[in-house]
Amino acid sequence: MSKVDVLLGLQWGDEGKGKVVDVLTPNYDVVARFQGGPNAGHTLEFNGIKHVLHIIPSGVFHPDKKNVIGNGVLIDPVIFEREIEGLWKKEVDATKNLFISKKAHLILPTHRLLDAANEQAKGNEKIGSTLKGIGPAYTDKIARTGLRVGDILEFDFRERFELQKFQHIRIAEMLDFDIDSFRIENMSLQEYEDRWFASLDTLRHFKLINSEYFLNECLANGLNVLAEGAQGSMLDIDFGSYPFVTSSTTVTAGVCSGLGVAPSKIDKVFGITKAYCTRVGSGPFPTELFDNDGDILRNRGNEFGSTTGRPRRCGWIDIPALKYACMLNGVTDLLVTKIDVLNDFETIKMCNKYIIGGKETEEIPFEFNSVEIKPVLNEYPGWQCELQGTPSFDQLPKNALSYLAEIEKAVHTPVKAVSISPDRKDVLFR
Ligand code: IMP
């Protein structure tokens with residue numbers, strides 16, 4: 001009997017999970033996504049070509065691996081079809097090695113309408129949603145009114161769709177939302193709906209399965225499974241900076257409910273953190289920089305959303321948040337990405353504590369959104385040289401090794417790897 005290893009983000013998403021999972025994939029037989037949906041954008045770069053995946057597991061580029069979209073994931077059939085077509089263009093045929101849970105919920109066109117209507121209704125309190133319909137689709141799942149992938153095979157699917165659509169339109173009308181002017185990627189709601197139904201044919205061509213049985217059988221047969229998280233721990237529905245969060249369980253616990261594997265089957269937890277911090281959308285960000293240092297991080301790190309293109313907010317690494325995420329997830333191995341983005345800095349800063357109401361604390365407060373948080377910043381000398389081409393972890397510049405050792409010491413978790421450029425070959429394992 002083998003076990004499930006988990007790979008997930010410890011910050012506000014965009015930690016570079018797609019790349020790390022691609023590097024780790026050779027060690028696994030199966031890669032499975034357990035939560036989130038097309039709000040995610042996992043970027044992989046190899047042979048000089050950039051690939052962005054939204055809901056398809058990153059193992060898809062390895063023809064001998066099985067890839068599973070678990071029950072905890074949300075699927076928009078139009079975006080799914082586009083992703084499949086994009087892979088075709090790169091001569092990757094996902095029909096053979098991609099398995100989809102019948103229990104995964106569908107994002108309806110009117111979920112996207114509701115996402116926009118809800119955001120508009122919030123005015124200045126906007127969450128900064130990716131507007132992919134995530135919140136409304138998970139709302140329907142929890143309200144027990146959602147439609148699932150397996151339902152597309154049922155004779156009354158259209159009828160159930162119409163019922164949901166009717167309810168959604170009524171809510172949007174109540175919110176005074178201008179439905180006639182609403183566009184999804186330049187399409188009217190009706191045009192998107194037509195496209196949505198057409199794209200169900202693509203979905204039907206895939207292996208639609210009870211993925212909980214499939215995965216447990218894989219484990220019983222000794223196959224190694226990697227669970228690939230999306231977003232980040234600080235966007236978790238329970239533990240993130242609520243309400244500025246996504247609507248799923250992004251921490252390790254989500255693997256059990258999003259794939260149907262028992263907690264005792266979880267082994268290693270790879271936690272990914274950038275060597276600094278970023279966030280897209282609204283919500284607290286204690287170490288955010290509004291000066292030239294922030295611009296350097298954004299430009300050098302190419303910190304623009306892979307799903308929405310929005311510029312990301314940038315700041316120094318936040319140890320209280322990282323410690324919190326390590327605790328929630330039971331991280332066994334810390335993997336630090338994008339350390340090369342710090343190459344030019346003479347001094348690098350790290351937030352080890354917060355000051356809230358005149359008192360020092362290392363904890364994330366309940367009132368994370370409403371209190372003023374002053375980060376206590378420690379300074380470390382930079383290395384001021386290129387890292388690309390460094391042959392091994394131990395041969396990193398002394399100051400880079402000291403910076404990593406400080407992170408390790410602060411969060412009581414060993415750093416097992418560091419990524420020094422966007423290319424897949426530039427991950428140094430210890
Ligand atoms: P939603 O999940 O699209 O509703 O967005 C809720 C919040 O999570 C917003 O602040 C988004 O910017 C953020 N978010 C959602 N998905 C991602 C992601 O994959 N990376 C980073 N932030 C994300």
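1. In this predicted model, strand β1 (residues 4-9) is paired with β10 in the parallel sense, and the pairing runs over four bridges. Within that ladder, D5 has L226 of β10 as its bridge partner.

2. Strand β2 (residues 30-33) likewise pairs with β10 in the parallel sense over four bridges, and here the bridge partner of R33 in β10 is E228.

3. Strand β10 itself (residues 225-228) is covered on both faces, with V225 and A227 buried on one side and L226 and E228 buried on the other. This arrangement can be read against the general pattern that, in a regular strand, side chains alternate between the two faces of the sheet.

4. Helix α1 (residues 17-24) is largely enclosed by the rest of the structure, because seven of its eight residues are buried. The buried residues of α1 are K17, G18, K19, V20, V21, D22 and L24, a list in which lysines and an aspartate stand beside valines and a leucine.

5. Helix α3 (residues 109-122) packs against helix α5 (residues 157-174) at an angle of about 15 degrees, and their axes lie 9 Å apart. Since angles under 35 degrees count as roughly parallel, α3 and α5 are therefore roughly parallel to each other, and α3 passes α5 in a left-handed crossing.

6. As for the residues that form this helix contact, P109, T110, H111, L113, L114 and A117 of α3 meet F161, K165, H168, I169, I171 and A172 of α5. Sorted by class, the contact of α3 with α5 comprises eight nonpolar, three polar and one charged residues.

Note on methods
Residues are numbered from 1 along each chain as its sequence is written. This is a predicted model: local features need pLDDT of at least 70, side-chain atom pairs count only at pLDDT 80 or more; totals for chains, interfaces and linings use all residues. Side-chain values use heavy atoms; hydrogens and water are left out. Axes are lines fitted to C-alpha atoms, for helices over the stretch in contact, and angles run from 0 to 180 degrees between N-to-C directions. Helices (H or I, at least four residues) and strands (E, at least two) are DSSP runs, numbered from the N terminus. Angles under 35 degrees count as roughly parallel, over 145 as roughly antiparallel, 65 to 115 as roughly perpendicular and the rest as oblique. A crossing is left-handed if the near helix is turned anticlockwise from the far one by less than a right angle, and right-handed if clockwise. Contact means heavy atoms within 4.5 Å. Ala, Val, Leu, Ile, Met, Phe, Trp, Tyr, Cys and Pro count as nonpolar, Asp, Glu, Lys and Arg as charged, and the others, Gly among them, as polar. Buried means under 20% relative accessible area, exposed over 50%, partly exposed in between (1.4 Å probe, protein chains only). Two strands pair if DSSP finds at least two bridges between them.
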